[in-house]
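Please work through the exercises below with the sequence and the model side by side. Each task is followed by a solution that proceeds step by step.

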Amino acid sequence: ENYSMDAYQRWGGREHILIQGWLPATQSLIWLTASLGGGVLAMRVGMSVVGALAVTAGAWVARSIAGKAAGWLFVPFGLFGPFLTWSVVPYQESMFLLFLFGGTALALHAQNASLPAKNRMWILVDLVAGALPLVRYEGWPVTLLYIIWRRNPRALVATWGALLWLGIKWVGVESNASSPIDYADWEGLNTRFSTTVLSASLAKLWTQMVDTKGILLLVFGVAGWVHLLRSKRPWIVWLGLVFVGQVAALGGWIIGLETATYRMQAVPGMLLGLFVAGSSGLLWAQHGVRTRSAIAVGGILLAILFTVQGFDNSKRSTRAVRWEVRLVETMSKCPECTYLIKPREG
């Protein structure tokens, strides 16, 4: 089954690339799947491939920063519950991380490339970094940060995605809506701020982080980032700034939505996992069998805990709409019937 509200909206608008106020990258994949005759399962397989590639790109970053072991040690974090749950239905997190991690890995590779290939590599990095503004609005400051970090006028090529989107809006191309509900969480943000609601939302976020083991990621991730910083690993400061930006975006998201959801942990959690994997990779190279065994056992346990929690998230999402699913099945069995639908309360 397809599950979670944005996923319903995207699949409902599968004949279009522009849906409501959403950026087009993820919807392009949904449109392509539907155009080729694929159904919900084909769409989910496609999203799963994107998610797997995002994990692969993250492992490549970890390996480039902290060695071969770090790359393998990132794999368990690819099973982090919120990412595992929402990377198999049409949400932006997996594609965002694919371009973020992919671009960072290419940048690390470009720095070490020989002179003839270096310029070509940086052009590719610029193009990948420029795709972020077409995935999530949180990608706009990441791309800007990348251009500043590069300190090279050629990096302005990375503005291509933002300029394309602004051009689409300037021309006045209209978006389509799968339902009359508008999901622009950022609109009217200043009118919805309440310390009471924010306090309740943060308490809910804390409970969810305990459930997902995200609290462990936060503690060990920050410690891992400090370890990598002290070890003078390349691009670690930039990645830290990206993480801070994602946390800030999460804060605005909580205020706009007036609640906390499990999905909010997906991107920050994966970045923290990258820091843990990188730090663990350095320790792996520096110590003997006992330390390596402890790291390996810890990774296996995390992978199991993450996976179980990810499946729980999925079950929770499908269980919430079980009556609607039954109704659709009933309607499918009798297409000639006429139905009067009265929305339920609560």
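The exercises that follow treat helix packing, buried residues, backbone angles and a disulfide. The model is predicted, so that local features need pLDDT of at least 70 and side-chain atom pairs count only at pLDDT 80 or more, while totals for chains, interfaces and linings use all residues. Residues are numbered from 1 along each chain as its sequence is written, and side-chain values use heavy atoms, with hydrogens and water left out.

**Exercise 1.** Determine how α11 and α13 are oriented to each other, and list the residues that make the contact.

Step 1. Helices are DSSP runs (H or I, at least four residues), numbered from the N terminus; here α11 covers residues 195–212 and α13 covers residues 236–257.

Step 2. Axes are lines fitted to C-alpha atoms, for helices over the stretch in contact, and angles run from 0 to 180 degrees between N-to-C directions. The axes of α11 and α13 are 10 Å apart, and the packing angle is about 120°.

Step 3. Angles under 35 degrees count as roughly parallel, over 145 as roughly antiparallel, 65 to 115 as roughly perpendicular and the rest as oblique, and α11 and α13 are therefore oblique to each other.

Step 4. Contact means heavy atoms within 4.5 Å; Leu198, Ser201, Leu202 and Leu205 of α11 make the contact with Leu250, Ile254 and Ile255 of α13. By class, these residues of α11 and α13 are six nonpolar, one polar and no charged (Ala, Val, Leu, Ile, Met, Phe, Trp, Tyr, Cys and Pro count as nonpolar, Asp, Glu, Lys and Arg as charged, and the others, Gly among them, as polar).

**Exercise 2.** Repeat the analysis for α13 and α14.

Step 1. Helix α14 spans residues 266–286, and its axis comes within 9 Å of that of α13, with a crossing angle of roughly 155°.

Step 2. The two helices, α13 and α14, are therefore roughly antiparallel to each other.

Step 3. On the α13 side the residues are Ile236, Leu239, Gly240, Val242, Phe243, Gln246 and Leu250, and they meet Val267, Pro268, Leu271, Leu272, Leu274 and Phe275 in α14. The contact of α13 with α14 has 11 nonpolar, two polar and no charged residues.

**Exercise 3.** Is Glu93 buried or exposed, and with which residues is Glu93 in contact?

Step 1. Glu93 belongs to helix α6, residues 93–111.

Step 2. Buried means under 20% relative accessible area, exposed over 50%, and partly exposed in between (1.4 Å probe, protein chains only); because its relative accessibility is 2%, Glu93 counts as buried.

Step 3. When neighbours within four places in sequence are left aside, Glu93 is in contact with Arg136, Trp253, Arg263, Ala266 and Val267.

**Exercise 4.** Place Arg151 and Glu258 in their loops, and state the phi of each.

Step 1. Most residues other than glycine have a negative phi.

Step 2. Arg151, in the loop between α8 (139–150) and α9 (160–171), has a positive phi of about 50°, and at 76% relative accessibility Arg151 counts as exposed.

Step 3. Glu258, in the loop between α13 and α14, has a positive phi near 60°, and with a relative accessible area of 38% Glu258 is partly exposed.

**Exercise 5.** Find which cysteines a disulfide joins.

Step 1. A disulfide is a pair of cysteine sulfur atoms within 2.5 Å, and by this rule the count comes to one.

Step 2. Cys334 is joined to Cys337, with an S to S distance of 1.8 Å, and the link of Cys334 and Cys337 is right-handed, with 60° about the S-S bond.

Step 3. Cys334 counts as buried at 17% relative accessibility, whereas Cys337 is partly exposed at 35%.
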